[in-house]
Amino acid sequence: TGKYMDTEKRVHEKFVTILRERSMNVLDLKPVFEAADDPMSFTFSTDPHWNEDGHKLAADALHKHILDNKLL
C-alpha cells in the first residue's frame with residue numbers, strides 16, 4: 001500500500017526489463033512473493049526485511065531457477 005505503488009511497480013518492471021534486454025538471467029522474486037496468500041507474512045512486522053519464511057521462499061525459488069536454467 002502507499003501513494004507510490006504505481007511508480008514503484010513501473011520502476012521495478014522497467015529495471016527487470018532492462019536487465020533482461022541485456023541478456024542477464026534475472027529471477028524476479030516479486031511475483032513469487034505476490035503469489036502467496038499473504039506476501040507480508042514473509043517480512044518482519046517491524047521492518048520490510050525477509051523473515052525466515054521469506055528467506056526460505058526466496059531460496060526455494062532461486063534453487064528452482066538455477067536447476068531449470070541449468071546454471072550449475
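Here is a short walk through the fold, its surface and its charged pairs. The model is a predicted one, so please read each value below as computed from that prediction.

Let us start with the overall layout. The protein chain holds three helices and zero strands, and reading along the sequence gives the pattern α-α-α. Its C-alpha trace spans about 35 × 30 × 20 Å along the principal axes. Of the 72 residues, 17% count as buried. If you look at contacts with a separation of 6 or more, 31% of them join residues that sit 24 or more positions apart.

Next comes the surface. The protein chain exposes about 6100 Å², and carbon and sulfur atoms supply 58% of that area. The chain also carries 10 positive and 13 negative charges, and the mean positions of the two sets are 9 Å apart.

Now follow the helices from the N terminus. Helix H1 covers residues 5-21, which makes 17 residues. From its first C-alpha to its last, H1 reaches 24 Å, close to the 24 Å expected at 1.5 Å a residue. After H1 you meet Ser 23, whose phi is positive, near 65°.

Helix H2 takes in residues 30-34, and here the charged pairs come into view. Side chains of opposite charge can pair when their charged atoms come close. The count for this model comes to four salt bridges, and one of them links Lys 30 with Glu 34, with the closest N and O atoms 2.9 Å apart. Both residues lie in H2, four residues apart, about one turn of the helix. How exposed are these two partners? Lys 30 counts as partly exposed because its relative accessibility is 30%, and Glu 34 is likewise partly exposed, at 49%.

Helix H3, residues 52-68, offers a similar theme. Lys 56 and Asp 60 meet through their side chains in a salt bridge, at 2.8 Å from N to O. These residues are four apart in H3, so about one helical turn separates them. Lys 56 counts as exposed because its relative accessibility is 51%, just past the cut-off of over 50%. Asp 60, at 42%, counts as partly exposed.

Further along H3, the side chains of Lys 64 and Asp 68 form a salt bridge with an N to O distance of 2.5 Å. Here too the residues are four apart in the helix, so about one helical turn lies between them. With a relative accessibility of 47%, Asp 68 counts as partly exposed.

Methods: Residues numbered from 1 in each chain as written. Predicted model: local features only at pLDDT ≥ 70, side-chain atom pairs only at ≥ 80, totals over all residues. Heavy atoms only, no water. Helix = DSSP H or I, 4+ residues; strand = E, 2+ residues; numbered from the N terminus. Buried < 20%, exposed > 50% of the residue type's maximum accessible area, 1.4 Å probe, protein only. Contact = heavy atoms within 4.5 Å. Areas by Shrake-Rupley, 256 points an atom, 1.4 Å probe, with all protein chains shown as cover. Lys, Arg positive; Asp, Glu negative; His and termini not counted. Charge placed at Lys NZ, Arg CZ, Asp CG, Glu CD. Expected span 1.5 Å × (residues − 1).
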